[in-house]
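Colleague: Got a minute to walk me through this one? I'd like the charges and the core.

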Amino acid sequence: QGADLSEANLFDADLSEADLKYADLSEADLKYADLSEANLEDADLSETNLQRADLSETNLQRADLSETNLQRADLLETNLQRADLSETNLQRADLSEAKIKHANLSGANLSNTTAKNTNFRDADFGDPDTDHSPANLENAVFRNADLRGADFTDARLDQIDLTDAR
């Protein structure tokens, strides 16, 4: 807990089930890393490369993931409640069954993302009062997602699949 791993090269590392609560992983290279079932609550992962990382069932509650590369990452059943995902690249990521309540997704790129049965209650996808641009949800799949209270102000919603979404 609380480790300083900022700018570390953890490419393809196995950190599954690790307790990294409050850790600083900012600007680290975690491409292809296995962080499944890890505890990253309140961790700083800003500007981190998590491309193709396995974050399934990981606790990222209140984590700072701003400007992070999560392209093609596995976030199945991940807890991202109150996380900062502003300006994050989530292209082609799998967010199915994740909890993303009250998260900041302003300026995030969720194009071609899958988010089936995901809880986005009260999430912010683009508030014009912030310094971030609205989120891009082009071609995203939000089937059976809970979107109650979410703010989509100015967000790009071209060809989004909202089948059976609430």
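Modeller: Sure. One term to start: partly exposed means a relative accessible area between the buried limit, under 20%, and the exposed limit, over 50%. Asp158 has 36%, so Asp158 is partly exposed. Bear in mind that this is a predicted model.

Colleague: Which side chain does Asp158 meet in a salt bridge?

Modeller: Arg156, at 2.8 Å from N to O. Arg156 is partly exposed because its relative accessibility is 40%.

Colleague: Which residues do shared salt-bridge partners join into one network?

Modeller: Glu41, Asp42 and Arg62. Between Asp42 and Arg62, the closest N and O atoms are 3.0 Å apart.

Colleague: How many salt bridges are there?

Modeller: The count comes to 6. One of them pairs Arg148 with Asp146, with 2.7 Å between the closest N and O atoms.

Colleague: Is Asp146 buried or exposed?

Modeller: Buried, because its relative accessibility is 10%. Arg148 is at 32%, so Arg148 counts as partly exposed.

Colleague: Where does negative charge gather on the surface?

Modeller: In a patch made up of Asp12, Asp14, Glu17, Glu37, Glu57, Glu77 and Glu97. Glu17 counts as exposed because its relative accessibility is 60%.

Colleague: Now the core. How many residues does the largest nonpolar one have?

Modeller: It has 50. Among those with the most contacts inside it are Leu105, Leu110, Phe120, Phe125 and Phe142.

Colleague: What is Phe125 in contact with, beyond its neighbours within four places in sequence?

Modeller: Its contacts include Leu105, Leu110, Phe120 and Phe142. Ser106 and Asp151 are also in contact with Phe125.

How values were computed:
Residues are numbered from 1 along each chain as its sequence is written. This is a predicted model: local features need pLDDT of at least 70, side-chain atom pairs count only at pLDDT 80 or more; totals for chains, interfaces and linings use all residues. Side-chain values use heavy atoms; hydrogens and water are left out. A nonpolar core is a set of buried Ala, Val, Leu, Ile, Met, Phe, Trp, Tyr and Cys residues joined through side-chain atoms within 4.5 Å. Buried means under 20% relative accessible area, exposed over 50%, partly exposed in between (1.4 Å probe, protein chains only). Contact means heavy atoms within 4.5 Å. Patches are made of residues with over 30% relative accessible area and no salt bridge: like charges are joined within 9 Å, nonpolar side chains (Val, Leu, Ile, Met, Phe, Trp, Tyr) within 5 Å. Accessible areas come from the Shrake-Rupley method with a 1.4 Å probe; for residues, only the protein chains shown count as cover. A salt bridge is a side-chain nitrogen of Lys or Arg within 4 Å of a carboxyl oxygen of Asp or Glu. Lys and Arg count as positive and Asp and Glu as negative; His and the chain ends are not counted. The place of a charge is taken as NZ of Lys, CZ of Arg, CG of Asp or CD of Glu.
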